[in-house]
Amino acid sequence: MKFVHAVAISFAVVLSSCSVKLIADFDKETMDAILDAYTSVDMFYSALLISNNRSYDEFKEDYIKLEGELSRLILRNKIRPLNEESTGIAEIIRDLFIKYRKEHRENDNYKDELLLLHRERFERLFTTMAAAESFKPVDNDELIGE
Amino acid sequence: MSINVDALITAMLETNREILTEELSEAAPYFQQALKDESEVIKRMIDLRLSGKLSDEEFISELEDEKKVIEAQILMAEVASKSAVQRAVNSSFDILYDTVKMMI
């Protein structure tokens, strides 16, 4: 009987420390970074839409800043373990942003129709990224510590 | 004290079912909206092509970019699925742990 008891205790100890981890926990700072990056990209597209001069040089500096912000978002996701999916979404956003910048530079103009499509596409992509973050489990220990 | 294994497994499976249903139903409205948005955008792109406001090259390029949006949405679905499975499995382990603890 003592043996069964000992086995049960050992089993309970093992079980108590046993939890499956498949995905990174929700991170509020990353969520804030997603919303900040979205605001920056959306404001950039608003500025492009109302501008009378859409030559590439007018927006070159903004492109550089935004590309940096989007690369930072990739890195923030990449350094978190079990977070490949969110990193992948951030890379898609950054890659499309670079693609549109190259097209803008080559054409030295940006058509209204394309601007509206691209702006709306980024909105859907950032919504997807924010939704992915919101689906992640909340770390209860962290909440207790707050 | 002995464990009723059948009851334990039933409880664990029921917890799994409840959690998976709950978690995935929370994600479902987002997927429905994403599909609706996707079809509206494709329709708009077709209209722009037919009216000549987008060239063939631009239209194909935009379609390729829509594939990237769908890819991002699939990645998001993977996050929702993993999160649901993680919570379900861990809740099952909690039931097992509580049962064993009662034996001690």
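These are legends for close-up views of a predicted model with chains A and B.

**View 1. Chain B on its own.**
Start with the simpler picture: chain B is built with 2 helices and 0 strands. Of its 104 residues, 35% count as buried. Take the contacts in chain B between residues at least 6 apart in sequence, and 80% of them join residues at least 24 apart. The exposed area of chain B comes to about 6,200 Å², with carbon and sulfur atoms supplying 61% of it.

**View 2. Where chain B meets chain A.**
Here 38 residues from chain B and 37 residues from chain A make up the contact. Between them the two chains bury about 3,500 Å², and 68% of that is on carbon and sulfur atoms. There's polar business here too: 16 residue pairs are in polar contact across the interface, both partners at pLDDT 80 or more. On the chain B side, α1 (5-50) and α2 (56-103) each supply at least two of the residues that touch chain A. The largest share, 26 residues, comes from α2(B). Sorted by class, the side of chain B that touches chain A has 20 nonpolar, 5 polar and 13 charged residues.

**View 3. Salt bridges across the interface.**
How many salt bridges are there between chain B and chain A? The count is 8, while a search of the whole structure over all chains gives 26. Side chains of opposite charge can pair when their charged atoms come close. One such pair is Glu62(B) with Arg121(A), whose closest N and O atoms are 2.8 Å apart. Asp65(B) and Lys99(A) form a salt bridge too, with 2.7 Å between the closest N and O atoms. That pair crosses between chains, going from helix α2 of chain B to helix α4 (residues 84-107) of chain A. Is Asp65(B) buried or exposed? Asp65(B) counts as buried because its relative accessibility is 2%, below the 20% cut-off. Lys99(A), at a relative accessible area of 25%, is partly exposed.

**View 4. Arg124(A) and its partners.**
Zoom in on Arg124(A), which lies in helix α5 of chain A. With a relative accessible area of 6%, Arg124(A) is buried. Which residues does Arg124(A) touch, leaving aside neighbours within four places in sequence? They are Tyr30(B), Asp37(B), Glu38(B), Val41(B), Glu66(B) and Val69(B). The side chains of Arg124(A) and Glu38(B) are joined by a polar contact of 3.2 Å. Arg124(A) also meets Glu120(A) in a salt bridge, 3.2 Å from N to O. Both of these residues sit in helix α5 of chain A, 4 residues apart, or about one turn of the helix. Glu120(A) is buried, just as Arg124(A) is. Pull back a bit and you get a network of salt bridges linking Lys99(A), Glu120(A), Arg121(A), Arg124(A), Glu38(B), Glu62(B), Asp65(B) and Glu66(B).

**View 5. A salt bridge inside chain B.**
This one stays within a single helix. Lys67(B) and Glu64(B) form a salt bridge, the closest N and O atoms being 3.1 Å apart. The two are separated by about one helical turn because they are 3 residues apart in helix α2 of chain B. Glu64(B) is partly exposed, with a relative accessible area of 39%.

**View 6. Phe122(A) among its contacts.**
Phe122(A) is found in helix α5 (residues 112-135) of chain A. Its relative accessible area is 2%, so Phe122(A) is buried. Neighbours within four places in sequence aside, Phe122(A) is in contact with Val41(A), Tyr45(A), Ile93(A), Leu96(A), Phe97(A) and Tyr100(A). Take Leu96(A): Phe122(A) is 26 residues from it in sequence, and their C-alpha atoms are 8.8 Å apart in space.

**View 7. Leu49(A) and what it touches.**
For the last stop, look for Leu49(A) in helix α2 (residues 28-50) of chain A. Leu49(A) is partly exposed, at a relative accessible area of 23%. Not counting residues up to four places away in sequence, Leu49(A) touches Arg54(A), Asp112(A), Leu115(A), Leu116(A) and Arg119(A). How far apart are Leu49(A) and Leu116(A) in sequence and in space? They are 67 residues apart in sequence and 8.2 Å apart in space, C-alpha to C-alpha.

Notes: Residues numbered from 1 in each chain as written. Chains lettered and ligands numbered in written order. Predicted model: local features only at pLDDT ≥ 70, side-chain atom pairs only at ≥ 80, totals over all residues. Heavy atoms only, no water. Contact = heavy atoms within 4.5 Å. Buried area = accessible area lost by both parts, 1.4 Å probe. Salt bridge = Lys/Arg side-chain N within 4 Å of Asp/Glu carboxyl O. Polar contact = N/O pair within 3.5 Å; in protein donor to acceptor, adjacent residues only side chain to side chain. Nonpolar A, V, L, I, M, F, W, Y, C, P; charged D, E, K, R; others polar. Buried < 20%, exposed > 50% of the residue type's maximum accessible area, 1.4 Å probe, protein only. Areas by Shrake-Rupley, 256 points an atom, 1.4 Å probe, with all protein chains shown as cover.
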